[in-house]
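Grab a pencil and open the viewer. Here are some exercises, each followed by a solution that goes step by step.

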Amino acid sequence: MAARRKMAAVLTRTFVVGCRNKSSAVSASVMSELEGGELTEWDRARPYSELPGPRPLPLLGNNWRFIPYIGDYRIQEVDKVCRRLHAQYGRVVKLASLLGRPDMVFLFDADDIERVFRTEELMPHRPSMPSLNYYKHVLRKDFFGDNPGLIAVHGESWCKFRTKVQQPMLQPRTAKLYVRQVEQTAKDFVQRARALKDENQEMPDDFINEIHKWSLESIARVALDQKLGCLDSDTSDPHGDTQSLIDAVTTFFKLVGILELKIPFWRLFNTPTWNKYIASLDTITSIVSRHIEVALTRLRSTGDPQEITDQSSLLQRILALDPDPRTACVLALDMFLVGIDTTSTAVASILYQLSLHPDKQQLLYEEIRSVLPLVDTSITTQHLEKLVYLKACIRETLRMFPVVIGNGRCMMRDTVIAGYQIPAGTQVVFQHYVISNMDRYFPEPERFLPERWLKSGSCLEHASTKIHPFASLPFGYGRRMCVGRRFAELEIQTVITKKTIPKRCVTEFV
Ligand code: HEM
């Protein structure tokens, strides 16, 4: 196995060195001159080598900058690193000569991002998580086979899988079918949070873990129609399953960034970080598989899995489209992998922002009470549609603190961006966090102003006139946009509503 990984490393390095930086530029311009043709956009663009960015050192490249005590880029503060790079070098920045991986070009301009997305290929390549790609395609090929899902998967296999799951996941109607389950989970969470308060009305220090339990429970209800019970007052967890799953997902997210940004020694041998990372993935795979097995058995024993009704779980809908249970199983695994931490981080940020801004809380409370005057009214999608201020609060929080601070694409063909030649094979990173906190796109960006997302004509101060459509993209864009977006929005809107209804105050949450 180590030998195979060594080989993969060598191949990757060849790819970096072999990037057609100058050669493709030269050949394109020589060709058009020889043919006496017009100069193309590519010919007129500045060469890749002139892109501004930190200078690599001989042999060490730029990776040394992430080494503690030696370099001054901290992986835990990658947001600050990106802001600094923008301040130092401007609209487009190249981080070149990273050992074991292609160059990265950071984009800090919404027009440039728009251009990349508008010319997106049929099978866009999001280059993140090569370590997860290795896990799915090599280490656990026995489990994933040729059906590896969406996360860290590219090309034909990604396209085949996405085509199968796109409609049941993203169709607005589908998410609406789960309002009841999502609302029940939100109710359980609010009840549990109330019970957890101490004599000073304070929440426990690890309250984020309680929010993780809520998002885990929500995904299990939507994906498998299964109640895991981690929000029940009797917290018995017979297999210790749910907490182990939450811990494994948290570890996965903590380590994946380290494996991606530091020198990838894991490609050569099993480092301690790599071992912990693989252990967390194995834990997630095994616990989720067990729950899926239980859900499948129940489904088979209670009727025809092919018969779809409004009450059918997502698992059942996917099985009706593709009877091979592995598709449903791998989708559920991807959902548990990336749907817990993301949604709970978003909810924690929204509650925090609301607690810091009682005036905004009051407006939210008034809106919710006008749409849902009776505390016990069951939430419907019609109610949610009317909660425009709630949605503005969510958008504004995700603008200031996007859960995914930078997203990217691997360029599949030579492209001109910001006046520079960007050769095929380069990884372009959209700097969402930096951009959505720039005053050129959002005046007074440090202020929490949900009003900027309301349509002009609203009587509220700061109502937006026009926001650049690519200046805040919390769920990504295009063919690879977040496939769980509808569920995430439903879960977040419901839980914030449930929290706000009884008391108009969420301050006690932080
Ligand atoms: C607030 C919560 C969430 C945020 C901010 C978020 C954000 C994102 C972003 C930025 C991407 C990359 C999109 C792109 O490359 O254009 C993504 C992809 C993805 N997300 Fe989410 N996500 C959230 C919740 C969820 C949930 C709840 C699920 C599952 C139920 C989920 C499943 C996925 C999957 C499977 C992909 C990969 C899609 C593909 O490559 O085809 N996400 N998400």
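**Exercise 1.** Which residues of helix 14 are buried, and what covers them?

*Solution.* Keep in mind that you're working with a predicted model.
- Step 1: Find helix 14, which runs over residues 314-321.
- Step 2: Pick out its buried residues: Leu314, Leu315, Gln316, Arg317, Ile318 and Leu319. That's six of eight, so the helix is mostly covered, given that buried means under 20% relative accessible area.
- Step 3: Look at what sits over those residues. The cover includes helix 8, helix 9 (172-176), helix 11, helix 13, helix 15 and helix 21.
- Step 4: Zoom out to the chain, which has 21 helices and six strands. Buried residues make up 53% of its 510 residues.

**Exercise 2.** Take Val288: is it buried or exposed, and which residues does it touch?

*Solution.*
- Step 1: Place Val288. You'll find it in helix 13, residues 272-301.
- Step 2: Check its relative accessible area, which is 2%. The cut-off for buried is under 20%, so Val288 is buried.
- Step 3: List its contacts, skipping residues up to four places away in sequence: Leu245, Ala332, Leu333 and Phe336.
- Step 4: Now compare sequence with space. Val288 and Val330 are 42 residues apart in sequence, while their C-alpha atoms are 9.5 Å apart.
- Step 5: Try the chain-wide version. Among contacts between residues at least 6 apart in sequence, 71% join residues at least 24 apart.

**Exercise 3.** Work out the surroundings of His212: where is it, and which residues does it touch?

*Solution.*
- Step 1: His212 belongs to helix 11, residues 207-224.
- Step 2: Its relative accessibility is 8%, and that's why it counts as buried.
- Step 3: Leave out residues up to four places away in sequence, and His212 touches Ile246, Thr250, Ile340, Asp341 and Ser344.
- Step 4: Focus on Ser344. The side chains of His212 and Ser344 are joined by a polar contact of 2.8 Å.

**Exercise 4.** Which protein atom is the donor of the iron atom of the ligand, and where in the chain is its residue?

*Solution.*
- Step 1: Go to the iron atom. Its only protein donor is SG of Cys482, at 2.3 Å.
- Step 2: Follow the chain around Cys482. This residue is in the loop between helix 20 (432-435) and helix 21 (485-500).
- Step 3: Check the accessibility of Cys482. At 29%, it counts as partly exposed, because that class lies between 20% and 50%.
- Step 4: Leaving aside neighbours within four places in sequence, Cys482 is in contact with Leu170 and Phe475.
- Step 5: Compare with the record: an unreviewed UniProt entry lists Cys482 under "binding site".

**Exercise 5.** How many residues surround the ligand, and how do they divide into nonpolar, polar and charged?

*Solution.*
- Step 1: Count the shell: 27 residues, the closest being Arg126, Trp158, Arg162, Arg409 and Cys482.
- Step 2: Sort them. You get 17 nonpolar, six polar and four charged residues.
- Step 3: See where they come from. Helix 8 (155-170), helix 15 (325-339), helix 16 (341-356), strand 3 (407-410) and helix 21 each supply at least two.
- Step 4: Look at oxygen atoms of the ligand. One is 2.8 Å from an N or O atom in the side chain of Trp158. For the side chain of Asn407, the distance is 2.9 Å. Arg409 has a polar side-chain atom 2.8 Å from a ligand oxygen.

Key
Residues are numbered from 1 along each chain as its sequence is written. This is a predicted model: local features need pLDDT of at least 70, side-chain atom pairs count only at pLDDT 80 or more; totals for chains, interfaces and linings use all residues. Side-chain values use heavy atoms; hydrogens and water are left out. Donors are N, O and S atoms within 2.8 Å of the metal (3.2 Å for Na, K and Ca); water is not among the atoms, so sites may look incomplete. Helices (H or I, at least four residues) and strands (E, at least two) are DSSP runs, numbered from the N terminus. Buried means under 20% relative accessible area, exposed over 50%, partly exposed in between (1.4 Å probe, protein chains only). A polar contact is a pair of N or O atoms within 3.5 Å; within protein, one must be able to donate a hydrogen and the other to accept it, and residues adjacent in sequence count only if both atoms are side-chain atoms. Contact means heavy atoms within 4.5 Å. UniProt positions are given in the numbering used here, feature names are shortened, and annotations may be inferred rather than shown by experiment. A residue is near a molecule or strand if one of its heavy atoms lies within 4 Å of it. Ala, Val, Leu, Ile, Met, Phe, Trp, Tyr, Cys and Pro count as nonpolar, Asp, Glu, Lys and Arg as charged, and the others, Gly among them, as polar.
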